[in-house]
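Me: I have a model open and would like to learn how to read it, feature by feature. Could you take me through it?

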Amino acid sequence: MIRKPVVAIAGATGAQGGGLARAILEDRDSPFAVRALTRNPDSAAARELARQGAEVVAADADDPESLERAFAGAYAAYCVTFYWQHFSPERETAQATAMARAAAHAGLGHVIWSTLEDTRRFVPLDDGRMPTLMGRYKVPHFDSKGEADAVFEELGLPVTYLLTSFYWDNFIHFGSGPARNADGRLVLSLPIGSARLPGIAARDIGGCAYGILKRGPEFAGRRVGVASGHLTGEEMAAGLSEAMGERVDYEPLPHAVFRSLDIPHAEDLGNMFQFNTEFSREFCEARDPRLARELNPGMLTFRQWAEANRGRIPVQ
Ligand SMILES: NC(=O)c1ccc[n+]([C@@H]2O[C@H](COP(=O)([O-])OP(=O)(O)OC[C@H]3O[C@@H](n4cnc5c(N)ncnc54)[C@H](OP(=O)(O)O)[C@@H]3O)[C@@H](O)[C@H]2O)c1
């Protein structure tokens, strides 16, 4: 039997990597086989991937040798890092570096690096419009990914830099959903003013990555941004209203107010939203919904995503 080229997928039990793994596994005619990387091959999520036909291997992004073993013999790799597990930009850059080196060591034919903008190219550290965080970042969880782009480039890898977008799933898991205010109304508070925010269902990022892999070397060396749509706060509130069967009003929050909220990582996220707002044109232009849909024709629109998840969106 001819073995299919293997795609080694970091974060295969999570949102982005899981989206790619499922996109391949659910396509009976896929030209690829899945190698799912996980720290815990015995977890329910890992066992489910194995049941669906994935090869499951143990690997930890903090253990470079485990990545070398996991990438060996593969055709391609999906590289995503895990900022929200440790909140350290330096550790995230180190994880990305380890993945890039393991990809080079394995001589892979295609690498997808899930990255974001280094916002310091738009807002230098001495620009006082937003505070500098942790001594050398404006948006730590963006900047550390953007900084790692250079490592993939310096190693001469056939890499696609995949610029991801705001997960609509944040309305379920990240406390970004609507809240009931004092007068009983449902309110979606986001610090994006009237700007458009590129967004996507998290698993559809993996579907777009699958499209990139299928088109192969055409995308090597390119930056490809994916979003299903560029939505205003008003448009997201309207979609949530329809799905939740109750009116949701959008209320923009000033960035400084968001940064002072008593929520985890308020400054990092406040700076991110300020970057998203003030550089909305550049941020949107880098994420073309038409290309994303070409890559992933089944990608959900916001309204479809909201409808499919109506019972899962908690009221804060
Ligand atoms: N939320 C957003 O709107 C958004 C938008 C764009 C980009 N992002 C970025 O997306 C990244 C996270 O991706 P995701 O959402 O797909 O993650 P996720 O759903 O949180 O899942 C991450 C998976 O990675 C694995 N993992 C965690 N630490 C690991 C380590 N040290 N080594 C190997 N595997 C590890 C875990 O699997 P096991 O337990 O099985 O090992 C977990 O299932 C973050 O860096 C974030 O900044 C987020």
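Me: Let's begin with the core. How many residues does the largest nonpolar core have, and which have the most contacts inside it?

Reply: Keep in mind that this is a predicted model. Its largest nonpolar core has 93 residues, and I9 and V111 have the most contacts inside it. Leaving out residues up to four places away in sequence, I9 touches G17, L20, A21, V34, R35, A36, L37 and Y78.

Me: Now the ligand. How many residues surround it, and which are the closest?

Reply: There are 27 residues around the ligand, and the closest are G14, Q16, T38, R39 and A61. Sorted by class, this shell has 11 nonpolar, 13 polar and three charged residues. You can also ask which elements contribute: α1 (15–25), α4 (83–86) and β7 each supply at least two residues of the shell.

Me: β7 is a strand, then. In what order do the strands of its open sheet come, and which are the edge strands?

Reply: To read a sheet, follow which strand pairs with which. Here three strands form an open sheet in the order β7-β10-β12, and the pairing is mixed. β7 (166–167) and β12 (229–231) are the edge strands, since each pairs on one side only. β7 and β10 (residues 197–200) run parallel and are joined by two bridges. Within that pair, F166 stands opposite G199 in β10.

Me: What about backbone angles: which sign of phi should I expect?

Reply: Most residues other than glycine have a negative phi. M134 has a positive one, near 55 degrees, and sits in the loop between β5 (110–115) and α6 (140–154). H265 also has a positive phi, near 60 degrees, and its place is the loop between α10 (255–259) and α11 (266–278).

Me: Are M134 and H265 buried or exposed, and why?

Reply: Count the neighbouring C-beta atoms: 20 or more within 10 Å makes a residue buried, and 12 or fewer makes it exposed. M134 has 14 others within 10 Å, so it is partly exposed. H265 has 16 neighbours inside 10 Å and therefore counts as partly exposed too.

Me: One last loop residue: where is L253, and which residues does it touch?

Reply: L253 is in the loop between β13 (248–252) and α10. Setting aside residues up to four places away in sequence, L253 touches S189, L190, P191 and F258. L253 and S189 are 64 residues apart in sequence, but their C-alpha atoms are 6.2 Å apart in space. L253 is partly exposed because it has 17 other C-beta atoms within 10 Å.

Technical notes
Residues numbered from 1 in each chain as written. Predicted model: local features only at pLDDT ≥ 70, side-chain atom pairs only at ≥ 80, totals over all residues. Pairing = 2+ DSSP bridges. Helix = DSSP H or I, 4+ residues; strand = E, 2+ residues; numbered from the N terminus. Near = placed C-beta within 6 Å. Nonpolar A, V, L, I, M, F, W, Y, C, P; charged D, E, K, R; others polar. Core = buried A, V, L, I, M, F, W, Y, C linked by C-beta atoms within 7 Å. Contact = placed C-beta atoms within 7 Å.
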